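Reader: Please take a close look at one part of this model, the place where the two chains meet, and then set it against the build of each chain. A connected account would suit me better than a list.

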Amino acid sequence: MPKIKVPKHSPSIDMTPMVDLAFLLVTFFMLAANFRSNEPVDVETPSSISDKIIPENVLLVTIDKGGRIFVNLSHTEARKEMLQNMSAKYKVAFTEKQIEAFAGMSSFGCSMQELPKYIEMSGEERKQFNTIGIPADTTNNQLKDWIFYGNIAALNTGKTKYEEASLNGLNPEINDFKPKFILKVDGKAVYLHAQNVINTFRDLNLNNLNFITSAEQAPQ
Amino acid sequence: MAEIAEGGGGGHDKGKKRAKKASTKVDMTPMVDLAFLLLTFFVLTSTFSKPKVMSLVYPAKPKPNEVIPPAKVNNGITFLISEDKIYYYQGQFYTLGNPDGKPATELKETNFGPTGLRKLLADLNSTVLKNKEGLDKQLKSKQIQDTTYERMLNEFKGSKEALKVLIKTDDKATCKNFIDLVDELKIAQIGVIAPVDLLKSEQDLMKAKQ
């Protein structure tokens, strides 16, 4: 009788520990993962030793390898407000649906005139879309207006968020809710392109800028 | 895996005997398959290192009809960046045949490596670095608080002995060059960093060097 039992039990392995481990890892990765966002451009940022993390309320300007400019704003309410102001200034009409879609988008990079068409596209089409980015030259500086209205909108949402947090008795720091300006530049981009954007910020008296970098080990 | 497969095969051969005995056992293989599939997916798609930010305060733009006298910086150094190349000169810039009768400024070349730029900055900014070392020790032995540490460090960085840096870029410099330089300056604990416009005479000097 024991001869029959042995071959029966030996080939099957108890998988429970392995399954435990696998699920533990799955849970860990699920919680720890932050996905690559669906940006219209891929940008390879340079590295630095800085260990400051990205703040909450940001206005992000992306500059790709060719110097094209893309803008993003972190809060959806602020995005709507920014678009409405821009729409009034440039006399480009948007439907309710388009504004809603714009609020949920990531970075965008096209002129104001192209924007309604740009909003209608899918993420993949936007990547293929042949654009010069947001115009930022002296004759047609749309970037300046985006930053101007973006700043106002982000200030407003920051303020409401601050008030909300105060009402909840969290004793928040007002500076944490103010918009921060972040530049995401491609390492290979010529600095002049970045300088143009930086000068636009400085024209609006926004002098405290941040560069996105990937982390690097500090030398001992 | 081979063993598990064998087990499955065995089950087939003597299916009836197995079914009776192992009725409470659930076959976990599909679940494990799924778990590992998910695991692989998350491992491959997740980006771990959250990007960091490096802050840089630019000088405010002068008002339209405001004339700012050229700042007299003592203990200043100017870095000129071109495509992957970096030059520097110390103190003020003098053109050939200037009215003050000073010798014309010559550019020196260095590199982005630890033997070039980092060593240069460490030498020039040694007082601040030395003071920082002392502060670090005090902080470690808990003689001073975090806030005091920050305040004292900023004081040292803004002191007279501290090195002040101007950065000028030409039209070939890449953002990577710029950020690498600023990074090195932060490593060397330099408090005053000012990116400014390149002068024509400096550009000519750089061209001559290349």
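**Where the chains meet, and what lies behind**

Author: Strand 3 of chain A is joined by two bridges to strand 2 (residues 52-57) of chain B, and the two strands run antiparallel. Within this pairing, A:Lys52 has B:Val53 as its bridge partner in strand 2 of chain B. The model is a predicted one.

The bridged strands belong to a wider contact, to which chain A gives 51 residues and chain B gives 42 residues. On the side of chain A that touches chain B, the elements that supply two or more residues are helix 2 (16-32), strand 1 (34-35), strand 3 (52-53), strand 6 (180-185), helix 8 (191-203) and strand 7 (208-215) of chain A. Helix 2 of chain A provides the largest share of that side, with nine residues. Sorted by class, the side of chain A that touches chain B holds 32 nonpolar, twelve polar and seven charged residues.

Next, chain A as a whole. Chain A has eight helices and seven strands. Its radius of gyration is 24 Å, whereas the globule rule gives 17 Å for 220 residues, so chain A is more spread out than a compact globule. The C-alpha trace of chain A spans about 95 × 50 × 45 Å along its principal axes. The domain assignment divides chain A into domain 1 (2-32) and domain 2 (47-215). Between the C-alpha centres of domain 1 of chain A and domain 2 of chain A the distance is 49 Å.

In chain B, the account turns to a sheet and the helices that lie across it. Five strands of chain B make up an open sheet with the order 5-4-3-6-7 and mixed pairing. At the edges are strand 5 (108-110) and strand 7 (192-196) of chain B; each has a single partner strand, so one side of each lacks a neighbour in the sheet. From one strand to the next the twist averages 30°. The partnership of strand 6 (residues 164-169) of chain B with strand 7 of chain B is parallel and extends over five bridges. B:Leu166 stands opposite B:Ala194, which is in strand 7 of chain B.

Helix 7 of chain B lies across strand 3 (76-82), strand 4 (85-90), strand 6 and strand 7 of chain B, at about 155° to strand 3 of chain B. Helix 8 (residues 200-209) of chain B lies across strand 3, strand 4, strand 5 and strand 6 of chain B, and runs at about 60° to strand 3 of chain B.

Helix 7 (residues 175-187) of chain B also packs with helix 4 (residues 114-124) of chain B, at an angle of about 40° and with the axes 9 Å apart. This crossing of helix 4 and helix 7 of chain B is right-handed. Helix 4 of chain B makes the contact through B:Leu117, B:Arg118 and B:Leu121, and helix 7 of chain B through B:Glu184, B:Leu185 and B:Ile187. By class, the contact between helix 4 and helix 7 of chain B has four nonpolar, no polar and two charged residues.

Technical notes:
Residues are numbered from 1 along each chain as its sequence is written. Chains are lettered from A and ligands numbered from 1 in the order in which they are written. This is a predicted model: local features need pLDDT of at least 70, side-chain atom pairs count only at pLDDT 80 or more; totals for chains, interfaces and linings use all residues. Two residues are in contact if their C-beta atoms, placed from the backbone, lie within 7 Å. Helices (H or I, at least four residues) and strands (E, at least two) are DSSP runs, numbered from the N terminus. Ala, Val, Leu, Ile, Met, Phe, Trp, Tyr, Cys and Pro count as nonpolar, Asp, Glu, Lys and Arg as charged, and the others, Gly among them, as polar. Two strands pair if DSSP finds at least two bridges between them. Axes are lines fitted to C-alpha atoms, for helices over the stretch in contact, and angles run from 0 to 180 degrees between N-to-C directions. A crossing is left-handed if the near helix is turned anticlockwise from the far one by less than a right angle, and right-handed if clockwise. Domain bounds come from an automatic or database domain assignment. The radius of gyration is taken over C-alpha atoms; the globule rule is 2.2 Å times the number of residues to the power 0.38.
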